[in-house]
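Here's a set of exercises to help you find your way around a new structure. Keep the picture open, try each task yourself, then follow the solution step by step.

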Amino acid sequence: LVVPDIVLDTVPTGHVRVLVVERGAILPDRRVRLGQAFGEARAEAWVDETGTATIEDVAAGFYTIAFGRPFDRFQVFRTEALFRLRPGERVLDANLFSMRTAYDERRRGNNLIVFDRDSGGAVAEAGIVLDAEPERGFAGRTLESGTLFAGVSPESEATAVADTARDGTRVLSAFTAVRTLAHRLELPVRIAARARTGAFDRHGLVAATVTGATQGGGREARATLPLAYRDWFERVMLDDDSSGGRVPLASLPGTGQVIDFRIGVPLPRGHVSVAETRVDGGRTLLAGAFVAFDQKPVEGSVLPLSGALVPADVAFTTSAVGTDPRLLGSMVADWGTEGASGTIADVARGTVDVTLEPAYEAWRLMLPALDGPFAGGRHHVCLRGVNTTGGVTVEQRQAITFTTRDTALYAPLLEVPVVASPVPDEVVDPNGFTVNFTAPAGATFLVLELASDVAGERREWAALLPASATSFRFRLLPSQVPQVLVPGRTWQLSLTAFRVARGPLLEQPEPEPYKSILANYVSIGPGDLGVDALARVAFTVHTP
């Protein structure tokens, strides 16, 4: 037997040890994400009760950390750090201080910060374009901190462009902020990053015995890190499962009334849940659930756990007003439940029993009662529906929080936006074309996206717009950056409307919260900025 040479892709690595402090006190229960400025690595860790997190074996290079949360209608707590892990440096200690600052910087000119949309890290050498006309407006390229300082007219637009390639895959990504009212502009792009090998998280084992199951029901077990609201929101509303650890979903065999299983729990602690389902009229529905919060198994050991399923037999209601008629037969719901620690267990996806009650213009959702094992907590639900007809996909999602059985507030769903032109399957000009649209009433901001995938290459362009916008032009860019638009491609065009319906942004003295959204779109994110609903329309167009 002749074994060929094995080539290992190796880079200098080290450990990063992070301490997070806010107003002189440790800040636990935060996800810390690292992104290397040139895409060499991505990593994340969970800050434990001591305020520390250790991220092991990350590639040497420049890294950034950026996250925050609203404090009140005037200020946010924001944590930003740039540091360098040098080759041969075994452990780097990074002390992060969360500072209270205004939503937007008050300075002359603009601070444009380009982030990797997948890791949250800053992106170096991204091109910045500050004008809407071809061959004009190239302002320069970002530094290792992902920043570029430039002057942008308040009613203009700023575009970041990143062209990266790795392991045979090219990603060409652009992001435009329209009506650049803010002095701080956060611009997310996608980059081709080094693939993570092994995908291993330190963990301990839990051996669980759960009683109260019914014979023949489906059973699924989940174990995640404790999810902050932002993390849960991004998982169910934005389809981003990057947070929570990499423990796979476990389908549990057996048909008896007792469920025995083992599952890994990511360190330093995690939530373990079991969801039992039943089949009714062709639908798979949640029948009962068991949740154990804050399990702390020791690495290399097995922690015993026992409990009982709680039936999902209590009706919670939320408004059905605004539901698109095309989605009446497709509505499902995801469910996460919040414990005493203020973090969330992601329990069930798409299996909550959702029924329309026309007489009350309400959706009825069947969940466990907020007593017994769930006493003092809160249920978080993502109500969603999607339907494709005639090549057009429409979708609505809404995040709802129940603190008691009767606390559902009147919150109509956000109606689906309308794209007037182009129309589905239209052939558009590869040298540039305009999208004309109408935002639904109640929308706060819009995201227009154009994307095309072929073997080994992805091209995408997203634009962040105020709800008052009615058009956007995908166009030729200056020669200093690559062109996103090319002929001979099929593109997915989508328009998503977002509504901010809660939180301090609604109390700001600004006439609209769009300025604060521009300045915090990545570091704080839509969930913590108060978004509760989105609606989307999507279809394909072609460039000849």
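**Exercise 1.** Is Ile6 buried or exposed?

*Solution.* Keep in mind that you're looking at a predicted model. Start by finding the residue: Ile6 sits in the segment before β1 (13-22). Next, take its relative accessible area, which is 68%. The cut-off for exposed is over 50%, so Ile6 is exposed. Finally, look at its company: together with Leu1 and Val3, Ile6 makes up a nonpolar patch on the surface, and the three share about 440 Å² of accessible area.

**Exercise 2.** Where is Gly376, and how far in space is it from Ala340?

*Solution.* Step one is the address: Gly376 belongs to the loop between β28 (362-367) and β29 (378-389). Step two is its cover: the relative accessibility of Gly376 is 78%, so it counts as exposed. Step three is the distance: from C-alpha to C-alpha, Gly376 and Ala340 are 6.9 Å apart, with their positions 36 residues apart in sequence.

**Exercise 3.** Work out the strand order of the open sheet of 3 strands that contains β9, and name its edge strands.

*Solution.* Read across the sheet and you get β12-β9-β15, with mixed pairing. The edges are β12 (147-150) and β15 (184-189), as each of them pairs on one side only. On average, neighbouring strands here are turned by 25° against each other, if you ignore direction.

Now zoom in on one pair. A bit of background helps: strands in a sheet pair through backbone hydrogen bonds, and they can do so parallel or antiparallel. Strand β9 (residues 110-116) pairs with β15 in the parallel sense, over 6 bridges. You can pick out partners along the way: Ile113 faces Glu186 of β15, and Phe115 stands opposite Pro188 in β15.

**Exercise 4.** How many of the residues of β15 are buried, and which ones lie on each side?

*Solution.* Count first: 6 of the 6 residues in β15 are buried, so the strand is mostly covered by the cut-off of under 20% relative accessible area. Then sort them by face. One side has Arg184, Glu186 and Pro188, the other has Leu185, Leu187 and Val189, and both faces are covered.

**Exercise 5.** Why are Arg230 and Glu234 separated by about one helical turn?

*Solution.* Both residues are in helix α1 (residues 229-237) and they are 4 residues apart, which means about one helical turn separates them. Now check the contact: Arg230 and Glu234 form a salt bridge, and their closest N and O atoms are 2.9 Å apart. As for cover, Arg230 has 12% relative accessibility and counts as buried, and Glu234 is buried too, at 7%.

**Exercise 6.** Find two salt bridges that link distant parts of the chain, then look for a network.

*Solution.* By the rule used here, there are 43 salt bridges to choose from. Try Asp239 and Arg397, whose closest N and O atoms are 3.0 Å apart. Asp239 is in the loop between α1 and β18 (250-251), Arg397 is in strand β30 (residues 392-402), and 158 residues separate them in sequence. Their surroundings differ in cover: Asp239 is exposed, at 53%, whereas Arg397 counts as buried, at 6%.

Then try Arg384 and Asp334, which meet in a salt bridge of 2.8 Å, N to O. Here the link runs from strand β29, home of Arg384, to strand β25 (residues 332-338), home of Asp334, and the two are 50 residues apart. Arg384 is partly exposed at 24%, while Asp334 is buried at 2%.

For the network, follow the salt bridges that share partners: they join Arg117, Asp118, Arg190, Asp453, Arg458 and Glu460.

**Exercise 7.** Which side chains make polar contacts with those of Thr176 and Glu457?

*Solution.* Begin with Thr176, which lies in strand β14 (residues 169-178). Its relative accessibility is 0%, so Thr176 counts as buried. The side chain of Thr176 has a polar contact of 2.7 Å with the side chain of Thr159.

Move on to Glu457 in strand β34 (residues 457-466). Glu457 counts as buried, at 15%. The side-chain partner of Glu457 is Arg170, in a polar contact of 3.0 Å.

Notes: Residues numbered from 1 in each chain as written. Predicted model: local features only at pLDDT ≥ 70, side-chain atom pairs only at ≥ 80, totals over all residues. Heavy atoms only, no water. Patch = residues over 30% accessible without salt bridge, like charges linked within 9 Å, V, L, I, M, F, W, Y side chains within 5 Å. Areas by Shrake-Rupley, 256 points an atom, 1.4 Å probe, with all protein chains shown as cover. Salt bridge = Lys/Arg side-chain N within 4 Å of Asp/Glu carboxyl O. Buried < 20%, exposed > 50% of the residue type's maximum accessible area, 1.4 Å probe, protein only. Pairing = 2+ DSSP bridges. Axes fitted to C-alpha atoms, helices over the stretch in contact; angles between N-to-C directions. Polar contact = N/O pair within 3.5 Å; in protein donor to acceptor, adjacent residues only side chain to side chain.
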